[in-house]
Amino acid sequence: MKMEAYQLSRLLLLLSFFVFSVLAPSVRAHIRDFDEVWKKRAEDARKAALDSYKENPEDVTNQFNKNVRKLLQGTNSTRRSLKRKKYTGPCLATNPIDACWRCKKDWAKNRKRLADCAMGFGHEATGGKNGEFYVVTDGTDNDMVNPKPGTLRHAVIQKEPLWIIFAKDMIIKLEQELIMAGDKTIDARGFNVRILNGAGITIQFVKNIIIHGIHIHGIVSKEGGMIRDSVDHYGFRTQSDGDGISIFGSSNIWLDHISMSNCKDGLIDIIMASTAITVSNCHFTNHNEYPSFEVMLFGGDNSFQQDKIMQVTVAFNHFGKGLVQRIPRCRFGFIHVVNNKYSKWLMYAIGGSQAPTIISQGNRFTASENLAAKEVTKRDYALPEVWKSWTWISQGDVLLNGATFTTSGEPKSKQPFTKANMIKAAPGNTVSRLTKFSGTLGCKVNKPC
């Protein structure tokens with residue numbers, strides 16, 4: 001019976017992706033000419049997403065939780081250390097992702113070790129581990145069709161796997177959206193690298209991306225135009241939305257230790273059948289741009305049922321001051337929200353429609369003083385008799401300053417999950433320690449990071 005159920009589930013997914021292929025013209029994002037190159041990329045991306053989809057996602061969350069608890073058992077968590085606004089002591093790796101690579105003096109000589117450290121649904125992302133290093137030496141972005149060698153735009157469009165690093169501190173103002181090819185790591189450790197006051201990063205119809213250690217602030221919408229998206233292809237892009245990072249139809253993505261604020265649209269969008277993604281150790285603040293207020297959007301269309309394949313881990317992040325709502329906002333899919341720190345959202349924290357599965361474990365939710373904003377959850381455009389069957393679980397969460405979490409569905413998800421994909425939650429009262437070093441780290445070469 002289990003095999004029959006598995007085969008039926010797989011068949012339904014394949015049928016939904018066939019429909020997606022038929023409807024491709026309606027989901028082109030900002031591609032004006034959906035030519036043969038883009039069609040092939042979209043088809044390859046769909047196949048990769050199906051391969052990355054986990055039939056048993058709970059095993060992934062369980063393994064995550066186990067690793068967190070193992071680390072905490074070997075450390076001394078004190079409230080005195082948690083309350084320090086700026087830590088000046090010896091290097092501490094306070095969660096299992098960081099413990100995999102941080103606090104080693106030779107981290108800069110072994111940068112690619114990072115690729116072995118991802119956890120959650122994005123744990124198979126290796127980025128450019130199997131490629132050469134590419135050193136970005138030039139922070140300009142002046143030519144969208146023939147980018148200058150040594151620039152970030154030139155690096156990310158190359159065909160081969162690349163581990164992209166930086167030669168110095170940089171402020172990069174992107175004149176148009178930065179379109180990444182697959183099998184790339186952007187690794188800003190060692191320098192202060194900021195994507196600032198220009199366009200954002202687009203990860204569209206590709207697989208295997210790691211972005212680590214950059215600041216993304218002040219992203220704006222750009223008018224579009226001719227933009228190169230690979231060494232042998234460019235085309236016309238329509239106006240971009242102004243997202244910090246847009247993940248569209250892509251899989252095996254890991255975003256780690258990124259500091260983000262104040263983007264025109266969302267900070268992070270994960271849409272159009274993207275899956276196998278982890279967002280970890282990031283710091284999000286001051287994103288209250290009207291009318292969006294969108295911190296993270298997971299699934300962008302109520303009619304796009306192919307987003308049922310979406311599986312995302314949100315772990316060890318700090319959602320700080322000046323955030324309003326959609327932290328995240330989910331449609332369809334399976335979302336594991338584990339050991340994050342939520343500090344005084346202005347409307348609500350976690351929202352959704354179209355029956356997403358949301359497993360909230362070991363988070364710390366501190367409500368604002370606004371009596372109308374105490375509830376963590378919001379179920380958009382659905383009556384209680386509809387959403388009461390959605391699986392929204394709160395386990396081990398700490399609710400402070402009057403915060404409430406309205407659960408629904410089965411007390412325990414009936415979906416079986418893999419140990420590799422599901423991070424095992426630590427108690428919510430340890431979250432301040434787990435998220436203590438969220439955001440960019442300020443690593444220095446020849447010193448523990």
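**View 1. Nine strands line up in an open sheet.** In this predicted model, 9 strands form an open sheet in the order β3-β6-β9-β14-β17-β20-β23-β26-β29, and their pairing is parallel. Look for the two ends of the row: β3 (170-172) and β29 (398-400) stand at the edges with a single partner strand each, so one side of each is left without a neighbour in the sheet. To see how a pair is held in register, start at the β3 end, where β3 and β6 (residues 193-196) pair in the parallel sense over 3 bridges. Within that pair, Ile171 has Arg194 of β6 as its bridge partner.

**View 2. Ten strands make another open sheet.** Here 10 strands follow the order β1-β2-β5-β8-β13-β16-β19-β22-β25-β28, again with parallel pairing. The edge strands are β1 (132-136) and β28 (392-395), and each of them pairs on one side only. Neighbouring strands of this sheet are turned by 10° against each other on average, direction ignored. As you trace one strand with your finger, remember a general rule: in a regular strand the side chains alternate between the two faces of the sheet.

**View 3. Strand β13 sits between two partners.** Which strands flank β13 in the sheet order? They are β8 and β16. On one side, 5 bridges join β8 to β13, and the two run parallel. Lys207 stands opposite Ser251 of β13 in this pairing. With β16, β13 also pairs in the parallel sense over 5 bridges, and Ser251 stands opposite Thr275 in β16. Is β13 buried or exposed? Of its 6 residues, 6 are buried, so β13 is largely enclosed by the rest of the structure.

**View 4. A helix lies across the strands.** Helix α2 (residues 36-52) lies across β8 (207-212), β13 (251-256), β16 (275-280) and β19. Its direction makes an angle of about 75° with β13. Follow the sheet onward from β19 (residues 311-315) and you meet β22 (residues 334-338): 5 bridges join these two parallel strands. One pair to find here is Thr313, which stands opposite His336 in β22.

**View 5. Asn208 reaches out from strand β8.** Asn208 is found in strand β8. Why does Asn208 count as buried? Its relative accessibility is 11%, and buried means under 20%, so Asn208 qualifies. The side chain of Asn208 reaches the backbone nitrogen of Gly127 at 3.0 Å. Leaving out residues up to four places away in sequence, Asn208 also touches others, including Glu124, Asp183, Lys184, Ser251 and Asn252.

**View 6. Nonpolar side chains gather in cores.** As a general background, nonpolar side chains tend to be buried together in soluble globular proteins. The largest nonpolar core of this model has 66 residues, of which Leu152, Ile203, Ile211, Ile214, Ile245 and Phe284 touch the most other members. Ile211 is a good place to pause: beyond its neighbours within four places in sequence, its contacts include Met180, Ile186, Ile201, Ile203, Ile245 and Trp254. A second, separate core has 23 residues, among them Leu114, Ala118, Ala426 and Leu434.

**View 7. Three loop residues show special backbone geometry.** Start with Pro328, which lies in the loop between β20 (318-319) and β21 (329-331). The peptide bond leading from Ile327 to Pro328 is cis, with omega near 5°. Next, find His257 in the loop between β13 and β14 (259-261). The phi of His257 is near 50°, a positive value in a residue other than glycine. At 0% relative accessibility, His257 counts as buried. Asn339 is found in another loop, the one between β22 and β23 (341-343). Its phi is near 55°, also a positive value in a residue other than glycine. Asn339 counts as buried too, because its relative accessibility is 0%.

**View 8. Stepping back to the whole chain.** How many helices and strands does the chain have? The secondary structure comes to 8 helices and 29 strands. Buried residues make up 59% of the 449 residues. Among contacts between residues at least 6 apart in sequence, 71% join residues at least 24 apart. The chain exposes about 18400 Å², with carbon and sulfur atoms supplying 52% of that area.

How values were computed:
Residues numbered from 1 in each chain as written. Predicted model: local features only at pLDDT ≥ 70, side-chain atom pairs only at ≥ 80, totals over all residues. Heavy atoms only, no water. Pairing = 2+ DSSP bridges. Helix = DSSP H or I, 4+ residues; strand = E, 2+ residues; numbered from the N terminus. Axes fitted to C-alpha atoms, helices over the stretch in contact; angles between N-to-C directions. Contact = heavy atoms within 4.5 Å. Buried < 20%, exposed > 50% of the residue type's maximum accessible area, 1.4 Å probe, protein only. Areas by Shrake-Rupley, 256 points an atom, 1.4 Å probe, with all protein chains shown as cover. Polar contact = N/O pair within 3.5 Å; in protein donor to acceptor, adjacent residues only side chain to side chain. Core = buried A, V, L, I, M, F, W, Y, C linked by side-chain atoms within 4.5 Å.
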